[in-house]
Amino acid sequence: MSNLYSLKILDLSHNFITGEIPFQPGSLTSLNLSNNNLSGNIPSELLKLDHLNFSYNSLSGNISEKTYCHHYDPSTFMGNKELRVENFTNASECYPYSSPSSLSASIRNTHSISLIKIILPITSLLVILFFLQNFISVSGIKEKTKYEETKTKNGDLFSIWNYDGKIAYEDIIEATEDFDIRYCIGTGAYGSVYKAQLPSGKIVALKKLHRLESQDPSSGKSFHNEAKMLSEIRHRNIVKLHGFCLHKNCMFLVYEYMERGSLFCVIANDVEAEELSWGKRVNIIKGIAHALSYMHHGCTPAIIHRDITSSNILLNSEFEAFVSDFGTARLLDPDSSNQTLLVGTYGYVAPELAYTMVVTEKCDVYSFGVVTLETMMGRHPGELISSLSTSSGQIIMLKDVLDPRLPFQFDGRIARDVVFVVTLALACVNSKPKFRPSMQQVAQEFLISRLSLPKPMDEISVQQLMNQEIYQVNKK
């Protein structure tokens with residue numbers, strides 16, 4: 001991880017990282033390692049950074065009272081059962097965040113705090129809120145909260161949350177000139193996507209259902225499903241939903257705008273595909289893997305996307321990947337058979353769904369494998385997958401399947417990454433679900449250092465990667 005030394009800000013939260021904290025601070029000023037499975041002590045050098053978040057790991061050892069209460073917010077360390085505070089004497093200064101004897105108990109305070117110190121401020125606050133509420137009712141002032149704005153017109157609902165600034169239905173209509181075709185940037189089976197610049201200057205993407213589709217119960221269910229799913233999950237590689245509108249014959253979702261559009265469109269465009277270097281492609285696959293790992297293993301119950309395709313992966317200006325389009329997503333019910341109608345996009349759907357009709361996480365894993373191969377090949381891998389499933393005996397060289405629009409020239413690290421990613425993809429498209437890795441395993445593989453390749457890239461075959469022979473040689 002030596003290439004991290006030059007970074008100022010680093011966020012590795014929700015990445016299932018295990019072991020001890022593996023690197024020195026370098027040029028870092030802000031570090032977020034929350035919601036992993038790190039163990040061991042916190043290096044003293046890291047406790048000099050401006051901003052830290054080590055919450056919800058398995059860290060141990062001692063930290064000073066000064067560090068815990070004064071230098072950082074106590075929530076920085078919560079969720080670590082074996083992490084202690086040395087010589088902790090003044091619990092009231094850190095209340096109500098955590099107990100010094102066990103930082104996992106973020107609200108419990110085992111030190112003696114008088115009831116008066118707790119009850120009096122709460123009582124005073126309740127009295128103030130009571131009078132404030134009456135004042136607002138009398139004066140007719142309706143203060144919008146920071147996180148949610150709800151507007152009702154003739155029974156129609158318009159809701160915005162986690163949005164910096166205020167937005168109204170009329171702003172959307174004005175910004176798109178009532179969804180004029182000039183603002184349309186894409187059209188799908190159920191709706192169109194528009195680009196809109198709001199009065200604040202913020203640019204958003206609007207996914208609007210077609211008028212006929214908005215009256216179709218199944219389309220309305222898909223719309224509600226996507227709004228519900230995206231309002232409850234947060235991940236850096238999942239597209240951010242700013243809000244939604246349920247208006248008479250007009251339903252749309254308000255998304256974060258992605259400058260580069262879909263992965264499918266970038267790959268299909270020769271100029272943009274050449275700009276999508278091998279390193280950028282590997283990072284795109286890594287981002288998708290972490291998003292799906294979060295959905296499958298970081299959410300309760302697990303969320304199955306069911307339509308992972310290159311068209312549903314969006315890219316920002318830096319070619320970072322974001323999973324989108326949750327209209328067909330569903331929660332995995334552990335007490336149900338999870339039998340379902342066949343949904344998804346032809347060429348990406350796991351083969352077992354054709355005869356079992358039972359959705360599992362491994363269905364998304366298969367689709368991820370197809371998208372990964374498509375990203376590295378520059379075209380849909382259907383022909384390759386079909387040929388590998390037959391026993392034709394024909395040897396397919398790796399150099400012959402990689403995107404020919406990029407130079408077949410690799411330094412050591414990129415060569416290792418490309419071989420690793422293709423090997424992962426081939427494991428994910430295994431026709432038997434039980435032999436596919438989980439998305440958690442896939443995401444964790446990206447954190448492991450790669451050994452040098454035992455032979456030049458142009459001598460490696462797809463069959464060797466499918467059987468992981470390259471890695472077996474390296475282990476000898």
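**Notebook: K207, K240, two parallel sheets and some backbone oddities**

**Entry on K207.** I started with the contacts of K207, and with neighbours within four places in sequence set aside, I listed S192, V193, E226, M251, F252, L253, Y255 and D325. I note here that the model is a predicted one. I looked up K207 because the unreviewed UniProt entry lists K207 under "binding site", and such annotations may be inferred rather than shown by experiment. In the model I found K207 in strand β12, which covers residues 203–209.

**Entry on the whole chain.** I then stepped back to the chain totals. The chain has 476 residues, and 47% of them count as buried. I counted 15 helices and 19 strands in its secondary structure. Of the contacts between residues at least 6 apart in sequence, 50% join residues at least 24 apart. The chain exposes about 25,000 Å², and carbon and sulfur atoms supply 53% of that area.

**Entry on the three-stranded sheet.** Which order do the strands of the three-stranded open sheet take? I wrote down β1-β3-β5, with parallel pairing. The edges are held by β1 (9–11) and β5 (51–53), each of which pairs on one side only. From one strand to the next, the twist averages 5 degrees. I looked further into the pairing of β1 with β3, where β3 spans residues 30–32. Three bridges join these two strands, which run parallel. One pair I checked is D11, whose bridge partner in β3 is N32.

**Entry on the four-stranded sheet.** A further open sheet has four strands in the order β2-β4-β6-β7, and the pairing is parallel here too. Why is one side of β2 and of β7 left without a neighbour in the sheet? These strands stand at the edges, and each has a single partner strand, so one side of each has no neighbour in the sheet.

I followed the pairs along this order. Strand β2 (residues 18–19) pairs with β4 in the parallel sense over two bridges. Within that pairing, G19 has L38 of β4 as its bridge partner. Two bridges also join β4 to β6 (residues 58–64), again running parallel. There the bridge partner of S39 in β6 is S58. The pairing of β6 with β7 (residues 82–86) is parallel and has five bridges. In this last case S60 stands opposite E82 in β7.

I also checked which residues of β4 are covered and which are not. The strand spans residues 37–40; L38 and G40 make up its covered face, while N37 and S39 make up the uncovered one. The general rule I had in mind is that side chains in a regular strand alternate between the two faces of the sheet.

**Entry on K240.** I next looked up K240, which sits in the loop between α5 (217–232) and β13 (241–247). Is K240 buried, exposed or partly exposed? Its relative accessibility is 39%, so K240 counts as partly exposed, a class that runs between 20% and 50%. Not counting residues up to four places away in sequence, K240 touches V254, Y255 and E256. Y255 is also among the contacts of K207. I noted one separation as well: K240 and F322 are 82 residues apart along the chain, and their C-alpha atoms are separated by 8.8 Å.

**Entry on helix α8.** Helix α8 takes in residues 278–297, 20 residues in total. From first C-alpha to last it reaches 28 Å, close to the 28 Å expected at 1.5 Å a residue. The helix is mostly covered, with 15 of its 20 residues buried.

**Entry on backbone oddities.** After α8 I looked at the loop between α8 and β16 (303–304), where P301 is found. The peptide bond joining T300 and P301 is cis, with omega at about -5 degrees.

I looked up two residues with positive phi. For F179, phi is near 55 degrees, a positive value in a residue other than glycine. F179 lies in the loop between α3 (169–175) and β10 (184–187). With 9% relative accessibility, F179 counts as buried, because the cut-off is under 20%.

R306 is likewise not a glycine and has a positive phi of about 75 degrees. Its place is in the loop between β16 and β17 (313–315). At 17% relative accessibility, R306 also falls under the 20% cut-off and therefore counts as buried.

Definitions and conventions:
Residues numbered from 1 in each chain as written. Predicted model: local features only at pLDDT ≥ 70, side-chain atom pairs only at ≥ 80, totals over all residues. Heavy atoms only, no water. Expected span 1.5 Å × (residues − 1). Buried < 20%, exposed > 50% of the residue type's maximum accessible area, 1.4 Å probe, protein only. Contact = heavy atoms within 4.5 Å. Pairing = 2+ DSSP bridges. Axes fitted to C-alpha atoms, helices over the stretch in contact; angles between N-to-C directions. Areas by Shrake-Rupley, 256 points an atom, 1.4 Å probe, with all protein chains shown as cover.
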